[in-house]
Amino acid sequence: MSMTDLLHAEDIKKAVGAFTAAESFDHKKFFQMVGLKTKGPDDVKKVFHILDKDKSGFIEEEELGFILKGFLPDARDLTTKETKTLLAAGDKDGDGKIGADEFSVLVAES
């Protein structure tokens, strides 16, 4: 399954394009622009599993740095600061990674 099976390719392209500058990433705006905010819980979990590249059941800090590439392969990597901000926003239990339920909450709060 790919992102375009769940989200519109044009929405993905516009959302990724809006955050091409370093230090510009805003997960709340991004999730809204990409159309993830309007998806049901099952689709949000499917997106989570696409972003969980190592299939560990978590999106770790390293994977978060490449989150935009999960939506569009030629997108930029997040900066260290952006990655840490995203991790802090999503890691509700403080274990240093984001689980599927935490990701669902992160999207819902956007």
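How many cavities of 30 Å³ or more does a search of the whole structure find? The search finds one. This is a predicted model. Two helix pairs are also covered here: H2 with H3, and H4 with H8.

**The cavity**
- The largest cavity holds about 40 Å³ of space.
- Its lining consists of Leu51, Lys53, Glu63, Phe66, Ile67 and Gly70.
- Sorted by class, that lining has three nonpolar, one polar and two charged residues.

**Helices H2 and H3**
- H2 spans residues 9-17, and H3 spans residues 27-34.
- The two helices pack at an angle of about 160°. Their axes lie 8 Å apart.
- Angles over 145 degrees count as roughly antiparallel, so H2 and H3 are roughly antiparallel to each other.
- H2 and H3 cross in a right-handed sense.
- On the H2 side, the contact involves Asp11, Ile12, Lys14, Ala15 and Val16. On the H3 side, Phe30, Met33 and Val34 meet them.
- By class, the contact of H2 with H3 has six nonpolar and two charged residues, with no polar ones.

**Helices H4 and H8**
- H4 covers residues 41-51, and H8 covers residues 100-108.
- H4 and H8 pack at an angle of about 120°, with axes 9 Å apart.
- That angle makes H4 oblique to H8.
- The crossing of H4 with H8 is right-handed.
- H4 contributes Val44, Lys45, Val47, Phe48 and Leu51 to the contact. H8 contributes Ala100, Asp101, Phe103, Ser104 and Val107.
- The residues of this contact divide into seven nonpolar, one polar and two charged.

**A residue in two places**
- Leu51 of H4 is among the residues that meet H8. Leu51 is also one of the residues that line the largest cavity.

Methods. Residues are numbered from 1 along each chain as its sequence is written. This is a predicted model: local features need pLDDT of at least 70, side-chain atom pairs count only at pLDDT 80 or more; totals for chains, interfaces and linings use all residues. Side-chain values use heavy atoms; hydrogens and water are left out. Axes are lines fitted to C-alpha atoms, for helices over the stretch in contact, and angles run from 0 to 180 degrees between N-to-C directions. Helices (H or I, at least four residues) and strands (E, at least two) are DSSP runs, numbered from the N terminus. Angles under 35 degrees count as roughly parallel, over 145 as roughly antiparallel, 65 to 115 as roughly perpendicular and the rest as oblique. A crossing is left-handed if the near helix is turned anticlockwise from the far one by less than a right angle, and right-handed if clockwise. Contact means heavy atoms within 4.5 Å. Ala, Val, Leu, Ile, Met, Phe, Trp, Tyr, Cys and Pro count as nonpolar, Asp, Glu, Lys and Arg as charged, and the others, Gly among them, as polar. On a 1 Å grid over the protein atoms alone, a cavity is a set of points where a 1.4 Å probe fits but cannot get out, and a pocket is an open set with protein on both sides within 12 Å along at least five of seven lines; lining residues have an atom within 4 Å of a point. Grid points are joined across faces, edges and corners, and a volume is the space filled by probe spheres set on the points.
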